[in-house]
Amino acid sequence: MKNVLEFLENSTAAFSEKTAVKDDVQSYSYQELSAKSRQIGSALCTKTPTRKPIAVLMEKSCETLAAFFGIAYAGCCYTLLNPSLPASRLQQIKEVLGAHIIITDADHREFAAEIAAAGDELLDIAALLETEEDAAALAAVRRDAVDTDPLYINFTSGSTGVPKGVIINHRSVLDFIPVFTKTFGIGSGDILANQAPFDFDVSVKDIYSAMSTGATLVIVPTRLFSSPTDLLDYLCENEATVMVWAVSALCLISTFHGLDYKVPSTVKKILFSGEVMPAKHLSQWMEKLPETTFVNLYGPTEITCNCTYHIVDREADNDILPIGKPFDNERVFLLDDNNHLVSECNQTGEICVAGTALSPGYFNAPEQTAKAFVQNPLNPYYPEIIYRTGDLGRYDENGNLFFSGRKDFQIKHMGHRIELEEIERAIHSVEGIRRCCCIFDERKSKLYGFYIGNYERRELFQLLKDMLPEFMIPGALRKVDELPLTKNGKIDRKALRERVIKK
């Protein structure tokens, strides 16, 4: 295989009339999804050169998935512009992409026009779906394709104040997804309940696991995550068998004791990632689903979803779960501050990853790419690029790998990797703010923002809502008269953290 469209095409050949994807409004069979994707691809072929990014501004749906595959049929790569994000952030993302085409729908056309630049073309998904398929044009695009062509670009927080676009190519997905589905026994009989937004790489596992095996992808509407009972009703009604969810989403249900209302008993596999799973929440899920397999997944967007996994042992595991062992064809190892290999028990090192699943780097950001994607310092003999995650890890006496926090100012909050510096830049940009500092309490999974300025907390919160995604806004904003300083004149983050912990 050299193109992920072969996943869709092979499943269409084997399961033509079976439901490929379903949302709360409609469903597509594999044949319908394939046909609609080819129609969209035919329309796009005439509008853009291949290997260019195309933006999609829509809620996640069957049509959104068809747009993604249509973009792939046109030989281009896709980026979802999540409508829940502030317009200013979407404009930043679009500026990085340099994308001049935005696919949208009637519900979001005005918003798309708001973020569009002069000369951009807004394409209505309904009109694209009326295009006649041009088989010859699609075949010509495919003949020119190679497996290292970009498939999608997902954006993460950036320390410079500009979001970073992580490029993932077809080969990386083709390498990872078959290993992922084989490792956990995901097959054509499964129904995957998609929780993650389509701009979050957890959804990549849902989409391509389903398409590669002939399973059914059920898109869980975002609105249901504000009502655990309705969410559980939806899971049960759709007889979900696999949940690949962010930890925060699972905790939403257990926090409000949703499992006392209803248990999704058809679910046989729950795979979680994004942040540390609190033991008390995991125990609630395991108690209600005694026959279900639970898996702790680890890995940043830059390595195509995940690089390690740990299948939870109900008898042996304690409160702190290992992040596990590497997936097949991925090398995971620790380096100390002197770039020496770490192998001793309880010695901390930076988690580094090598293998085909690695991203080629960040889109339109060569300096940031050069910092994170580097030559393996253990190999002086030939070119071998590794990704330095910035995460710290350690081995226990049994050789199990554990996550040990970050080595810089990046955090993991609500399933997202966030640069504290980006939040601080946003707060500093508000006129009247003289100084600020952000602190993350991992124990409480709470983000604090300390600031000196003219605004009361509620005023500043409202201003930040127009600048940052909700998951990047500090849940606790504290106006202070001064910030503690180190002897070198820098903000004393340790003192602020101690202040937070004491409270």
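Which residues in H1 meet Phe69, Ala72 and Tyr73 in H3? In this predicted model, the H1 side of the contact is formed by Leu5, Leu8 and Glu9. By class, the residues of the contact of H1 with H3 comprise 5 nonpolar, no polar and 1 charged. Helix H1 spans residues 5-14 and helix H3 spans residues 62-73; the two pack with their axes 10 Å apart and at an angle of about 115 degrees. H1 is therefore roughly perpendicular to H3.

Internal space was examined next. Across the whole structure, 2 cavities of 30 Å³ or more were found. The largest cavity holds about 110 Å³ of space. Its lining consists of 15 residues, and those closest to the cavity centre are Ala72, Gly75, Val141, Ala145 and Asp149. Ala72 is thus placed in this lining as well as in the contact between H1 and H3. Two or more lining residues are given by each of H3 and helix H7 (135-143). The lining of the largest cavity is mixed in character, with 7 nonpolar, 4 polar and 4 charged residues.

The second largest cavity contains about 40 Å³ of space. Phe68, Tyr78, Tyr152, Asn154, Phe198, Ser203, Val204, Ile207 and Tyr208 form its lining. At least two of these residues come from strand S7 (150-156), and at least two from helix H9 (202-213). H9 provides the largest share, with 4 residues. In the lining of the second largest cavity, 7 residues are nonpolar and 2 are polar, with no charged residue, whereas the lining of the largest cavity includes 4 charged residues.

How values were computed
Residues numbered from 1 in each chain as written. Predicted model: local features only at pLDDT ≥ 70, side-chain atom pairs only at ≥ 80, totals over all residues. Heavy atoms only, no water. Axes fitted to C-alpha atoms, helices over the stretch in contact; angles between N-to-C directions. Parallel < 35°, antiparallel > 145°, perpendicular 65-115°, else oblique. Contact = heavy atoms within 4.5 Å. Nonpolar A, V, L, I, M, F, W, Y, C, P; charged D, E, K, R; others polar. 1 Å grid on protein atoms, 1.4 Å probe; cavity = no way out; pocket = protein on both sides within 12 Å on 5 of 7 lines; lining within 4 Å. Points joined across faces, edges and corners; volume = space filled by probe spheres on them.
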